[in-house]
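Student: Could you take me through a close look at the ligand and the part of the protein around it? I would like to understand how the surroundings are put together, step by step.

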Amino acid sequence: MTELPPNPLLEGLEGERRAPPCTLVVFGASGDLTARKLLPALERLARRRLLPTAFSVVGVARTEWTDEDFQAVAGEVVKDAAAQPQWTSLIKGFRYVAGEYGDPSTFERLRTVLDDLDRQRGTGGNRVFYLATVPGVFAPVAEALGAHGMARPGPGAFVRVVIEKPFGRDLPSAVALDDCLHQVFNENQLYRIDHYLGKETVQNVLALRFANAIFEPIWNRRYVDHVQITVAEAGGVGHRGGFYETAGALRDIVQNHVMQVLSLTAMEPPVTIDAKGIRDEKVKVLRAVKIFSPEEVSHNVVRGQYERGWVEGEEARAYREEEGIGPDSRTETFVAARLCIDNWRWAGVPFYLRTGKRLPKRVTEVAMQFRSVPHLPFPPGLARGLGPNALVLRIQPDEGITLRFGAKVPGQAFRVRTVSMDFSYGAAFVEESPEAYERLLLDAMAGDPTLFIRTDEVEQAWRICDPILEAWTADDAPLVPYRSGSWGPPAAERLLEREGRAWRNP
Amino acid sequence: MAQPVAAQGATGAISLLSVWSDESVKVGEVLAALDELRRPEPMPPTRTSVLTLVIVAKQRAEAARAQAAVHELGGRHPARVLTLLFDGDRGGASGLDAELRLLGGEAEGHQVWFEEIELQVRGQASMHLDSLIEPFTLPDLPVVCWFVTELPDPEDPLLAAADVLVVDARQFGEAACFATLLTLARRQPVVDLSWARLMPWRSLLAGLFEGPDFRPFVTCVVRSEVWGRTGPCRLLGGWLADRLDLPLSAFELSAAPHVGLRLHARSPSGQAATFEVIRGDGRLVSARAAIAGGPESEAVLQLPEATPAWGLPEALSRLEHDRLYERALRRAVEL
Ligand SMILES: NC(=O)c1ccc[n+]([C@@H]2O[C@H](COP(=O)([O-])OP(=O)(O)OC[C@H]3O[C@@H](n4cnc5c(N)ncnc54)[C@H](OP(=O)(O)O)[C@@H]3O)[C@@H](O)[C@H]2O)c1
């Protein structure tokens, strides 16, 4: 294959991250994720002109749809099709293969469709296989792609696989899944999604820390008293009760999202902001997270389950009353934990994590709480309203940064009080932030794995979570109820109180 | 950098919070009034501004169009806006009339507000507009001067007060104008709204050459038809001439209400292909690549609404020298 000449027309265009010609194959095309996230993300990419001209989507699932049915589903993503002609014209090229993943003929038909598209549309043999389907079929689909000769790229082309969460349900199952994928694909073909990494503000943690000279010098045990990471949801399990019963908050949120946020917050400065640079440092800090013994689990981890209550002005049922949940379920909907990172930067600085459903509001944030001043020169009565400094990275909603510091209250006396200085991304930039899935889909097509999870990260995160899951299998392991609409059970408060600290109110 | 999504995320409404105006005033009085203007307003938590925008116009109607564009961006692009109006008559007595407006709006649920300062400059003072800019600029932020009536003379002292110039090549067309633009653009960053609005054409055309089938043709374009109004047509032609290193003899430029282009390529083995980007009557632009006897690819794109702000947000998000634009200008001068 002869080397292609460069395209001088591309220079200076917005699409430095433009995807090359390719076909996106979606396993699970009739499912919830495709309808709610993937198709809307594609539509936005199309509107931003970031998709290649030679591009197609092939959906694969059991539901007996024709190409036209799938195109109609894709068309529903936009309210007014006439107003979005680029989308309407793009989806005319979408194809659909109906079939069971266990049936080899599904993959034979898929291969024919892909070859046709290469010939008609010039997609050049480039493929991204997106496993947006139930985790149980990840391995069989990968095997079938290998068996039908679709796992290896042709000369000059690429083949990549995007894998949705959950990646295993503990360390052994994650390792087994990896072994299976590695039989067919190289690690550099695998793109494991954690959609939190696609969020602009999560990436902004890196910008804040490593593009500014004023934060990094205080980002350590000398100045930071402790760190609080909160991932709160106001919603309950909704219709996904059946799924949730097999997961719980630790698997659903802590093992992936919280660990990702933690590693970006605590990692050492990478030498380069590229896939290897960042992922090497993330794994390094995860390796420094202390792994609990069974006794330490009971002392440092709280698990809770929501009871009835009121959230956002509406009455909420108890978890055990939700659709698909048994009256004696022991699945946790809340986790609070105190983790230690044993390295030079963070020794002795507790990282408090909490996540839960049916908390008072939906919010994700990282708060760095700084040490108090060594000596307060004000009479005690005048500094009562003064708290320690805090730097809060608000990840969602209302993305931005808040700095809490002391200021003098106007008046004759030297009274000081804490005030907040707020920066909001929404009010400072013209560009609309891309949605997480939009960013990640584009990265996968463009071949940038920086915001995807490498195998060693997944495994290390499971090493941290496995002992907790293990300890919870004991019959007498406590599961404390909390009122819907509260910030979790009192035991979560005590986790900090006993050390003279308190949770922030995000 | 991704393009802002045009159809969605439009701005919230901008509302007028308060106004002050007076005739024959001094700058100090205007500044004092500006301070007073804000005082009674309940203080929103943040006041984020990203630039000082100076609109330079002869006629109020022209200035109003530019102001409307800024309002349209509204909360998305908080800026202090200074409008300098001056009539042609520079001989009479110097004087200033001023009007101040405090505007408020919303960006993604955040309140933002900004001030609009309009100065009518009379007499000799209109030859020293630069002295009226400095007192009103916000610290540390770029000063962007938008010339809505005519291109400034490259020797105009006003240019020294500006970090970035905004112009619209659609208003011009003569080769002489392109020469002036080129002189200006070599000295300081010039943001050309026409150039910003041509982005979809450039992007669609570039996309047509992606992929192993189409890419080889990018080095063997033999003929290039470009049409449209003089300004944008020449800019697009200049860009093609520069990027594809085409001789002037390969170009056929013609006048048309909308801009468009068609490239004819022939590979060394004699295979022919055409690449075209055409805007129809509506706001739809379609792109098509076809290799004789080979694959074809197509894309269409809906242009954002033709409001006064079309191209402005894209243009304002890059306040730096644009080498490609300057190179396109250089070739446009020759075309
Ligand atoms: N939904 C979300 O909000 C969300 C969020 C984050 C991550 N995820 C992850 O995304 C993945 C998909 O979730 P989902 O909610 O979209 O699931 P879903 O609605 O249950 O969809 C599953 C899809 O897989 C297809 N499928 C399953 N088994 C198949 C088989 N043996 N042969 C052929 N097709 C088969 C189904 O096809 P038919 O229906 O046609 O049979 C359907 O299209 C999961 O890994 C999930 O953890 C989902």
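**The ligand and the sheet of chain A**

Tutor: In this predicted model, an oxygen atom of the ligand lies 3.3 Å from a polar backbone atom of A:Gly28. Two further contacts belong beside that one: a nitrogen atom of the ligand is 3.0 Å from a polar backbone atom of A:Tyr101, and an oxygen atom of the ligand is 2.7 Å from an N or O atom in the side chain of A:Thr133. Taken alone, the ligand would expose 890 Å², and the protein buries 82% of that area.

It helps to look next at the shell as a group of residues. There are 21 residues around the ligand, and those that come nearest are A:Ser30, A:Asp32, A:Leu33, A:Arg36 and A:Thr63. Sorted by class, the shell holds 9 nonpolar residues, alongside 6 polar and 6 charged ones. When you ask which element gives the most to this shell, the one to find is helix α1 of chain A, covering residues 32-47, which supplies 3 residues.

With the ligand's surroundings in mind, we can turn to the sheet of the same chain. Chain A has an open sheet of 6 strands, and if you follow them across in order you read β3-β2-β1-β4-β5-β6, with parallel pairing. As a general point, strands of a sheet pair through backbone hydrogen bonds, either parallel or antiparallel. At the edges of the chain A sheet stand β3 (95-98) and β6 (190-192), each of which pairs on one side only, and from one strand to the next the twist averages 20°.

Looking inside the sheet, we can follow one pair of strands in detail. Strand β1 of chain A, residues 22-27, and strand β4 of chain A, residues 127-131, pair in the parallel sense over 5 bridges. To find a particular place in that pairing, start from A:Val25, whose bridge partner in β4(A) is A:Phe129.

Finally, two helices of chain A can be placed against these strands. Helix α2 of chain A, residues 67-75, lies across β2 (55-61) and β3, and runs at about 120° to β3(A). Helix α5 of chain A, residues 138-147, packs on the sheet as well, touching β1, β4 and β5 (159-163), and its direction makes about 155° with that of β4(A). The pair we followed, β1 and β4, is therefore among the strands that helix α5 touches.

Methods
Residues numbered from 1 in each chain as written. Chains lettered and ligands numbered in written order. Predicted model: local features only at pLDDT ≥ 70, side-chain atom pairs only at ≥ 80, totals over all residues. Heavy atoms only, no water. Near = heavy atom within 4 Å. Polar contact = N/O pair within 3.5 Å; in protein donor to acceptor, adjacent residues only side chain to side chain. Areas by Shrake-Rupley, 256 points an atom, 1.4 Å probe, with all protein chains shown as cover. Helix = DSSP H or I, 4+ residues; strand = E, 2+ residues; numbered from the N terminus. Nonpolar A, V, L, I, M, F, W, Y, C, P; charged D, E, K, R; others polar. Pairing = 2+ DSSP bridges. Axes fitted to C-alpha atoms, helices over the stretch in contact; angles between N-to-C directions. Contact = heavy atoms within 4.5 Å.
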